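Trainee: I should like to go through this model and ask for the reasoning behind each description. May we begin with the chain as a whole?

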Amino acid sequence: MEEIKTLKSYFNKLQRTIVHNADFKLFNVALVGKNKIDDILCCILATFPNTYKRLINLKEGRDFHSILSYNLLLKALKRKFIFNPNVYLVNVGTANKLLTAISKSVEADVNRIEKLYGKHE
């Protein structure tokens with residue numbers, strides 16, 4: 001389960017980026033560079049197992065806590081900032097809660113998905 005460890009490290013890196021590398025932060029809202037977030041999200045998506053990736057956009061994916069949280073995380077992270085298209089308007093509290101929830105449930109969900117749908121490479 002090397003990919004699970006890698007995923008968790010990417011989630012931690014995303015969390016650190018949101019909290020510490022924000023261009024501007026006011027209370028619970030941060031402006032974070034679009035390229036910073038997109039680069040980490042690209043690495044996360046590439047690390048997901050293939051069966052897991054297929055379920056992210058399917059209706060059956062709603063049955064898995066980490067997939068549901070991941071889709072909510074994407075919505076929380078990718079809010080456009082009206083004055084600058086090169087930054088995202090991120091709700092830090094919501095993003096942190098979702099990242100923590102994903103980190104806790106991703107391993108169990110991946111194992112369950114591989115049992116149900118098989119391991120497709």
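Mentor: Certainly. Buried residues make up 40% of the 121 residues in the protein chain. Please keep in mind that this is a predicted model.

Trainee: What makes a residue count as buried, partly exposed or exposed?

Mentor: The relative accessible area decides: under 20% is buried, over 50% is exposed, and values in between are partly exposed.

Trainee: How many helices and strands does the protein chain have, and in what order do the elements run?

Mentor: The protein chain holds five helices and three strands. Starting at the N terminus, the order is α-β-β-α-α-α-β-α.

Trainee: How do you know what radius of gyration to expect of a compact globule with 121 residues?

Mentor: The rule is 2.2 Å times the number of residues to the power 0.38. For 121 residues a radius near 14 Å would be expected of a compact globule, and the protein chain has 15 Å, which agrees. Along the principal axes, the C-alpha atoms fill a box of roughly 45 × 25 × 20 Å.

Trainee: What share of the contacts with a separation of 6 or more comes from residues 24 or more positions apart?

Mentor: Such residues account for 70% of those contacts.

Trainee: What can be said of the surface and of the charges?

Mentor: The protein chain exposes about 7200 Å², of which carbon and sulfur atoms supply 55%. There are 20 positive and 11 negative side chains, and the centres of these two sets lie 7 Å apart.

Trainee: How do you know whether the span of helix H4 agrees with the expected one?

Mentor: The expected span is 1.5 Å times one less than the number of residues. Helix H4, residues 65–77, has 13 residues, and 18 Å is expected. From its first C-alpha to its last, H4 reaches 18 Å, close to that expectation.

Trainee: Which residues of H4 are buried, and what do they pack against?

Mentor: Ser66, Ile67, Ser69, Tyr70, Leu73, Ala76 and Leu77 are buried. The buried residues of H4 pack against helices H1 (2–20), H2 (34–47), H3 (50–56) and H5 (92–117), and against strand E3 (87–91).

Trainee: Why is leucine 55 called buried?

Mentor: Its relative accessible area is 5%, and buried means under 20%; leucine 55 is therefore buried. Leucine 55 lies in helix H3. Leaving aside neighbours within four places in sequence, leucine 55 is in contact with Glu60, Gly61, Phe64, Ile67, Ile113 and Tyr117. Of these partners, Ile67 is one of the buried residues of H4.

Trainee: Why is tyrosine 88 called buried?

Mentor: The relative accessible area of tyrosine 88 is 6%, and the limit for buried is under 20%, so tyrosine 88 is buried. Tyrosine 88 belongs to strand E3. Beyond its neighbours within four places in sequence, its contacts include Ala30, Leu31, Val32, Lys34 and Leu77. The C-alpha atoms of tyrosine 88 and alanine 22 are 9.7 Å apart, although 66 residues separate the two in sequence.

Trainee: Why is lysine 34 called partly exposed?

Mentor: Lysine 34 has a relative accessible area of 28%. Partly exposed is the range between under 20% and over 50%, so lysine 34 is partly exposed. Lysine 34 lies in helix H2. Apart from neighbours within four places in sequence, lysine 34 is in contact with Pro85, Asn86, Val87 and Tyr88.

Trainee: What places asparagine 111 in its accessibility class?

Mentor: With 33% relative accessibility, asparagine 111 counts as partly exposed. Asparagine 111 is found in helix H5. Its C-alpha atom is separated by 9.8 Å from that of tyrosine 52, 59 residues apart along the chain.

Trainee: What makes phenylalanine 27 count as exposed, and what is said of its phi?

Mentor: Exposed means over 50%; phenylalanine 27 has 78% relative accessibility and therefore counts as exposed. Its phi is near 55°, a positive value in a residue other than glycine. Phenylalanine 27 has its place in the loop between strand E1 (24–26) and strand E2 (29–33).

Key:
Residues are numbered from 1 along each chain as its sequence is written. This is a predicted model: local features need pLDDT of at least 70, side-chain atom pairs count only at pLDDT 80 or more; totals for chains, interfaces and linings use all residues. Side-chain values use heavy atoms; hydrogens and water are left out. Helices (H or I, at least four residues) and strands (E, at least two) are DSSP runs, numbered from the N terminus. Buried means under 20% relative accessible area, exposed over 50%, partly exposed in between (1.4 Å probe, protein chains only). Contact means heavy atoms within 4.5 Å. Accessible areas come from the Shrake-Rupley method with a 1.4 Å probe; for residues, only the protein chains shown count as cover. Lys and Arg count as positive and Asp and Glu as negative; His and the chain ends are not counted. The place of a charge is taken as NZ of Lys, CZ of Arg, CG of Asp or CD of Glu.
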